[in-house]
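Biologist: Please show me how to read strand pairing and sulfur links in a model. Take one feature at a time.

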Amino acid sequence: MGGRGEERNGRNGRIGISFKHSTPEAPEAPEAPEAPQLSIPRSPFPLFHLSFIHHQIVNKNLLVLSALPLVLSIASCAVEPPASSQTNPAEISRVAQGQPFTYDDYASVLTTYVDSQGQVDYAALQENRESLDRFNADLAALDRDTYESWTETEQIAFWVNAYNSLTLQAIIDNYPVESIKDISGVWTRLNFIVLGESMTLDHIEHGILREEFNEPRIHMGLVCASIGCPLLRAEPFVGDRLATQLDEQTVEFLEYSRNFQIDRDTGEVGISSIFKWFGEDWKTNYGVEEKFDGFKGEKRAVLNFIAQYLEEGDRQYLTDGGYKLNYLDYDWGLNAQ
């Protein structure tokens with residue numbers, strides 16, 4: 001659900017999104033400064049003249065040597081992309097070795113390192129990352145023809161799993177961190193290989209899932225390694241159960257007060273900032289022209305979506321409208337155990 005230091009308009013931090021991502025080239029290291037030209041006055045005294053020459057030459061050499069640390073320091077400040085250790089798929093991928101693509105390795109990671117609260121034991125995963133690396137290598141080695149043969153729900157499940165798995169990799173490649181936002185460029189500059197193509201997490205979310213599919217509930221499945229995200233599910237998403245899984249994710253998400261609140265005493269309703277950042281995604285499937293008095297457009301669509309997952313009393317209160325709608329602060333803290 002991407003991003004999290006600077007203020008962000010959603011996970012990618014922008015309203016207009018460009019998907020041409022490339023790793024910035026490091027600036028050329030500056031050349032060593034030229035030593036000043038020696039200007040040696042003529043002396044009527046030969047011994048003094050030789051001593052002066054020696055003194056000037058020594059100073060020139062010292063000047064050049066003293067400049068070297070500065071030059072090396074400047075060169076070392078060249079811009080580098082954030083760390084990523086995605087292994088060469090051919091080395092460890094089962095798919096590259098001719099075996100069928102499965103979620104077995106990813107499922108093993110989730111059941112082993114994710115608890116019932118969706119929190120991840122990143123330290124242990126970092127020490128035992130073989131299954132995660134092998135699954136991400138399979139993501140890279142999978143051919144597009146196989147992917148294109150899948151149903152739409154299978155494709156959506158694939159991309160949600162890919163986003164979440166590659167996010168786990170981004171964290172353990174840079175762990176320990178307090179927040180995913182501590183990893184510079186994690187959504188826009190850190191590139192991974194999926195289906196043989198280089199892409200960023202932003203591209204997966206905004207250029208593929210939001211662009212190619214009409215399924216707003218992806219926002220209940222995408223996990224950007226933050227407490228404010230939906231819980232990381234302890235199983236992979238799969239095509240034939242995707243609708244049920246996303247519904248369960250939504251119910252669970254709305255049970256946390258950090259994501260949804262009703263205060264009848266003050267006449268206020270609070271909802272996650274996710275619904276502000278991506279509210280437009282709900283308009284096609286959940287937009288209505290009635291109910292939810294005082295709201296329209298994407299706000300009304302979001303409230304209509306949320307209401308379907310509430311108990312009768314809360315559903316009726318939300319449907320009647322007439323309350324103040326607030327967006328709750330998003331917790332960018334790491335979803336770590």
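Modeller: Begin with one strand pair in this predicted model. Strand E4, residues 268-272, pairs with E5 in the parallel sense, over 5 bridges. Within this pairing, Val269 stands opposite Leu325 in E5.

Biologist: In what order do the strands of the sheet come, and is the sheet open or closed?

Modeller: List the neighbours strand by strand. Here 3 strands give the order E3-E4-E5, and the sheet is open with mixed pairing. The edges are E3 (260-263) and E5 (324-328), each of which pairs on one side only. On average, neighbouring strands in this sheet are turned by 15° against each other, with direction ignored.

Biologist: Which helix lies across E3 and E4?

Modeller: Helix H13, residues 312-320, lies across these two strands and runs at about 80° to E3.

Biologist: Now the sulfur links. How many disulfides does the structure hold?

Modeller: The test is a distance: two cysteine sulfur atoms count as a disulfide when they are within 2.5 Å. The structure holds 1 disulfide. Cys224 and Cys229 are the partners, with S to S at 2.4 Å, so the pair meets that cut-off.

Biologist: What is the handedness of the link between Cys224 and Cys229?

Modeller: Read the angle about the S-S bond. For Cys224 and Cys229 the value is -45°, and the link is left-handed.

Biologist: Are Cys224 and Cys229 buried or exposed?

Modeller: Look at the relative accessible area, where buried means under 20%. Cys224 and Cys229 are both buried.

Terms used: Residues are numbered from 1 along each chain as its sequence is written. This is a predicted model: local features need pLDDT of at least 70, side-chain atom pairs count only at pLDDT 80 or more; totals for chains, interfaces and linings use all residues. Side-chain values use heavy atoms; hydrogens and water are left out. Buried means under 20% relative accessible area, exposed over 50%, partly exposed in between (1.4 Å probe, protein chains only). Two strands pair if DSSP finds at least two bridges between them. Helices (H or I, at least four residues) and strands (E, at least two) are DSSP runs, numbered from the N terminus. Axes are lines fitted to C-alpha atoms, for helices over the stretch in contact, and angles run from 0 to 180 degrees between N-to-C directions. Contact means heavy atoms within 4.5 Å.
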